[in-house]
Amino acid sequence: MYTCGPTVYNPVTLGNWRAFLFDDVLHRTLKFFGYDVTQVMNITDVGHLVGDADEGEDKVEREAAKRGMNALDLARSLEAEFLQGMERLNIEKPEVMPRATEHIAEQIALVQELEKKGFAYRTSDGMYFDTAKFSAYGALSGQKLEDKEAGARVAANLEKRNPTDFALWKLSEPLRARPELVEGSPKKKRQMEWDSPWGVGFPGWHIECSAMSVKYLGQPFDIHTGGVDHIAVHHENEIAQSEAASGKPLANFWLHNEFLLVDGRRMGKSEGNAFTLDDLAAKGFDPLDYRYFTLGTHYRTKLNFTWEGLEGARSALKKLRAIARGLVGAPLAGALGTGQEQGQPLQQFAAAIEDDLNTPQALAAMWEMLKSDASAEEKSASLLEMDAVFGLRLSEVIGKPSEVPAEVVALGEERQIARQNKDWKRSDELREAIKQNGWLIEDQSDGGFELNML
Ligand SMILES: [Zn+2]
């Protein structure tokens with residue numbers, strides 16, 4: 001399976017993470033049903049321009065200039081941050097994560113093939129794909145070329161034959177010499193540019209996915225995923241390039257996840273609501289709270305993010321962990337096997353998840369199983385199997401009742417005295433000390449307190 005990965009120019013938002021969590025659930029589901037999975041996720045470190053129509057500056061170079069950094073240094077540091085984020089969300093690392101800058105030769109070879117077959121043409125600022133020559137253009141989004149053209153805004157580049165044509169390779173020199181050719185073009189020398197049969201330049205954004213997917217998966221491969229925002233342009237263009245070059249379909253199945261909204265609005269930097277995992281952490285949320293939150297909505301439905309909704313997910317996950325801890329006497333993973341002899345709840349779970357990844361229904365099957373009168377051993381075995389798909393790290397808590405260490409209880413008692421003396425400063429300090437020990441203290445209405453593991 002091929003997944004369009006991040007463009008490493010700014011921290012990944014919760015909206016992007018929704019897409020990568022969906023990919024991870026798909027990856028895990030395929031493995032749950034016994035498939036061997038090879039997932040390729042690209043790292044876009046060059047070529048993704050600010051404008052949708054191959055215009056403007058390179059996102060990575062622009063951000064690097066703003067920060068006074070080298071473009072590749074910025075890309076590598078944001079890639080490392082992305083990998084950490086995957087770890088925090090318990091997203092399994094794809095088998096292959098190729099970088100666009102390390103596959104320039106493959107991209108050039110593909111453009112050469114398209115040129116040989118008559119699908120590419122030259123303009124003064126680079127090589128373009130002629131969408132009118134590819135009769136199936138628009139099939140993925142169900143749009144005819146005329147409709148797409150009518151919808152496309154007036155092209156800034158007057159040398160394009162059709163408004164839907166897109167860049168395969170852009171030349172650095174003409175852009176510097178005559179920036180008026182393309183609106184918003186950089187006037188400075190680029191940091192990332194390579195020699196090519198057409199001149200020094202850099203690849204277009206779409207060509208990297210076509211070049212790297214065929215390199216690691218062959219063609220056609222089984223599944224291509226991405227956000228719905230990729231359908232109309234990026235994925236249409238990937239299909240056009242790959243199929244025109246090889247005469248074979250690109251992928252057998254396309255799965256697209258819907259958007260994440262914030263308080264019912266689009267998420268965006270300008271809206272001030274482009275939250276990241278660090279924003280969640282600052283408010284005391286565990287990244288897995290967000291993972292649980294996304295599981296509650298089908299991937300093809302828009303998901304509305306609210307802090308209240310995330311609180312709800314946190315309480316549910318907390319309850320789930322508490323139940324899991326109580327399942328004492330748990331067997332090791334795989335006790336029930338993954339065959340068809342599974343119990344009823346596990347079958348319901350499997351039926352939900354194989355029905356186009358119906359995670360809300362799969363979660364419901366899990367809760368029903370936990371409420372059933374099955375033994376602790378059966379429950380913990382089923383829960384482990386289910387969590388192979390949910391990815392909530394339940395194996396770390398199943399059957400491990402938490403005993404509050406004596407020193408934490410002592411801190412709690414000391415805090416109670418501070419509260420009775422209305423010494424709120426000391427009370428807060430002690431709450432923090434308890435937190436440092438991995439526990440959360442909650443005051444009860446009767447004046448007592450409860451200690452829960454973080
Ligand atoms: Zn892509």
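This short talk walks through a predicted model, taking a zinc site, a sheet, one helix and one arginine in turn.

Let me begin with the zinc ion, whose protein donors are Cys 4 through SG, Cys 209 through SG, His 234 through NE2 and Glu 238 through OE, lying 2.0 to 2.2 Å from the ion. Along the chain these donors follow the spacing C-x204-C-x24-H-x3-E. Cys 4 sits in the loop between strand E1 (2–3) and helix H1 (14–32), while Glu 238 belongs to helix H8 (residues 231–246), so this pair ties together parts that are 234 residues apart in sequence. Both Cys 4 and Glu 238 are buried.

Why is the arrangement around the zinc ion irregular? The 4 donor atoms subtend angles of 81 to 132 degrees, and because a tetrahedral assignment would need all angles to lie between 85 and 135 degrees, the lower end of that range does not qualify. For reference, the ideal angle for four tetrahedral donors is 109.5 degrees.

Turning now to the sheet, we find 4 strands forming an open sheet in the order E3-E4-E5-E6, with antiparallel pairing. At its edges are strand E3 (120–123) and strand E6 (201–203), each of which pairs on one side only, and neighbouring strands are turned by 25 degrees against each other on average, if direction is ignored. Within the sheet, strand E4 (residues 126–129) and strand E5 (residues 166–171) pair over 4 bridges, and Gly 126 stands opposite Lys 170 in E5. Helix H4 (residues 104–116) lies across E3, E4, E5 and E6, and its direction makes an angle of about 120 degrees with E5.

Next comes helix H13 (residues 359–371), whose 13 residues should span 18 Å at 1.5 Å a residue, and its end C-alpha atoms are indeed 18 Å apart. Among the buried residues of H13 are Leu 363, Met 366, Trp 367 and Leu 370. Which helices do the buried residues of H13 pack against? They pack against H1, helix H10 (287–295), helix H11 (307–326), helix H12 (344–354) and helix H14 (376–390).

Finally, I would like to look at Arg 415, which lies in helix H15 (residues 406–420). Is Arg 415 buried or exposed? Its relative accessibility is 3%, and therefore Arg 415 counts as buried. Leaving aside neighbours within four places in sequence, Arg 415 is in contact with Ser 427, Leu 430, Arg 431, Ile 441 and Asp 443. Arg 415 and Ile 434, which are 19 residues apart in sequence, are 9.7 Å apart in space, C-alpha to C-alpha.

Terms used. Residues are numbered from 1 along each chain as its sequence is written. This is a predicted model: local features need pLDDT of at least 70, side-chain atom pairs count only at pLDDT 80 or more; totals for chains, interfaces and linings use all residues. Side-chain values use heavy atoms; hydrogens and water are left out. Two strands pair if DSSP finds at least two bridges between them. Helices (H or I, at least four residues) and strands (E, at least two) are DSSP runs, numbered from the N terminus. Axes are lines fitted to C-alpha atoms, for helices over the stretch in contact, and angles run from 0 to 180 degrees between N-to-C directions. Contact means heavy atoms within 4.5 Å. Donors are N, O and S atoms within 2.8 Å of the metal (3.2 Å for Na, K and Ca); water is not among the atoms, so sites may look incomplete. Four donors count as tetrahedral if all angles lie between 85 and 135 degrees; four count as square planar and six as octahedral if opposite donors are over 155 degrees apart and all others between 65 and 115; anything else is irregular. Buried means under 20% relative accessible area, exposed over 50%, partly exposed in between (1.4 Å probe, protein chains only). The expected span of a helix is 1.5 Å times one less than its number of residues.
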